[in-house]
Amino acid sequence: MYYIKKFKKKVIDYLFDHPFQRDALESTRNFLITLLSGFVFAFGFKCFIQPNYNAIALLNTQAESLVNEITIKSLASSGASGICQVLLAILKIFGCTFLIDNTLKDITYWALYFAVNLPLLIMAFVKIGKRFAIFTMLNVLTASFFGIILPNSEPTDFINKITLNLGNEIVARVFFGALCTGLASALAYSIDTSAGGIDIIAFYISERKSVQVGKWSAFFNVIIVSIFSILNCVPLDPVFATHQMGAIDVSAALVIFLFTLLYMLLCTIVIDTINIQNKKVELQIITTNPNLSKIILANVPHGCTILNAQGGYTGKQMYIIYMSVRKKEGKHVVKICRRMDPSVFINVMPMDQVYGSFFRKPIR
């Protein structure tokens, strides 16, 4: 452990003195995380949210029987993917039969996915930050790319085998789909970017109001899913009857809506658990070191309040330092305090919201 810490310190010192190498390493790390985020989203969508049950049914008679028993073959998605589902539903209502062709379905959907994100990416570039917009665009392109190339058109494809093994376990599909979507968004948020779509708007609002991202995403997504559920009940052109793509009844649409609410709730939990960018804690630091506050302020971009106190047992002069910091900064402050004053006493308390001046690192 000692040698690992020593090596880590050497790396940090080296990167501090070599800004070009530091920026190159950071960009490479962000690039890899962005690729992973796009892949995870595309995989979860094709495997759990909108599987290709037509291909699965061709595997064998048992698979065909199982598919026929499944009531919910496609769950409603959220964000930009949910908007694409809404657009496809509208196009189907107007009789665009070519969209039913399995060879064009993926290309059409993921092309729409990029098109829906385009105006939001422009907004991100203007209102949030250039770096944020560039990596978000890369995330959207990656998700679209993997959404097209990940194979699920043949019955024996890996994705279809996973879907078949889940069978009609709708709750399992909701759980794993939410895990993939939430993980994809949280990975993007961890490097101060987003996975595109509604996440861009949620990120913008959360940074301006300094609140958690998840609830804003949920608010916009409920609207999208409600529209999609309503459109599913609209009767389609009779030509769709030959493709088994007619409108579903109200009860089935309601079931899809309820399962999607569960999906979004799980997504919100995953995002807010992994993403700690806007989580804050209050530190109550009790120390005998009169210079500790100056040391803290030299290492953390936040202010503090100092109260004079007296130890109840020892009668010594004490100092109580109050400060609000981001959760990941809190660990850094605790480490500094314990190094400078081994007898320090620290309370760490979670906070819901902060009103007033609170420094936030500018988004690039």
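**View 1. Open four-stranded sheet of the predicted model.** In this predicted model, four strands form an open sheet in the order S2-S3-S1-S4, with antiparallel pairing. Its edges are strand S2 (305-310) and strand S4 (345-351), each of which pairs on one side only. On average, and with direction ignored, neighbouring strands of this sheet are turned by 20 degrees against each other.

**View 2. Pairing of S2 with S3.** Strand S3 (residues 317-326) and S2 are joined in the antiparallel sense over six bridges. Within this pairing, Ala 309 has Met 318 of S3 as its bridge partner.

**View 3. Helices H13 and H14 against the strands.** Helix H13 (residues 292-299) lies across strand S1 (280-287), S2 and S3, and runs at about 15 degrees to S3. Helix H14 (residues 327-340) also packs on the sheet, where it touches S1, S3 and S4, and the direction of H14 makes about 155 degrees with that of S3.

**View 4. The cavity and its lining.** A search of the whole structure finds one cavity of 30 Å³ or more, and the volume of the largest cavity is about 260 Å³. Its lining comprises 23 residues, of which Ser 78, Gly 79, Thr 181, Ser 185 and Asp 199 lie nearest the centre of the cavity. By class, the lining residues divide into 10 nonpolar, 12 polar and one charged.

**View 5. Helices that contribute to the cavity lining.** At least two residues of the lining of the largest cavity come from each of helix H5 (79-93), helix H9 (170-190), helix H10 (198-209), helix H11 (214-232) and helix H12 (250-274).

Methods. Residues are numbered from 1 along each chain as its sequence is written. This is a predicted model: local features need pLDDT of at least 70, side-chain atom pairs count only at pLDDT 80 or more; totals for chains, interfaces and linings use all residues. Side-chain values use heavy atoms; hydrogens and water are left out. On a 1 Å grid over the protein atoms alone, a cavity is a set of points where a 1.4 Å probe fits but cannot get out, and a pocket is an open set with protein on both sides within 12 Å along at least five of seven lines; lining residues have an atom within 4 Å of a point. Grid points are joined across faces, edges and corners, and a volume is the space filled by probe spheres set on the points. Ala, Val, Leu, Ile, Met, Phe, Trp, Tyr, Cys and Pro count as nonpolar, Asp, Glu, Lys and Arg as charged, and the others, Gly among them, as polar. Two strands pair if DSSP finds at least two bridges between them. Axes are lines fitted to C-alpha atoms, for helices over the stretch in contact, and angles run from 0 to 180 degrees between N-to-C directions. Contact means heavy atoms within 4.5 Å.
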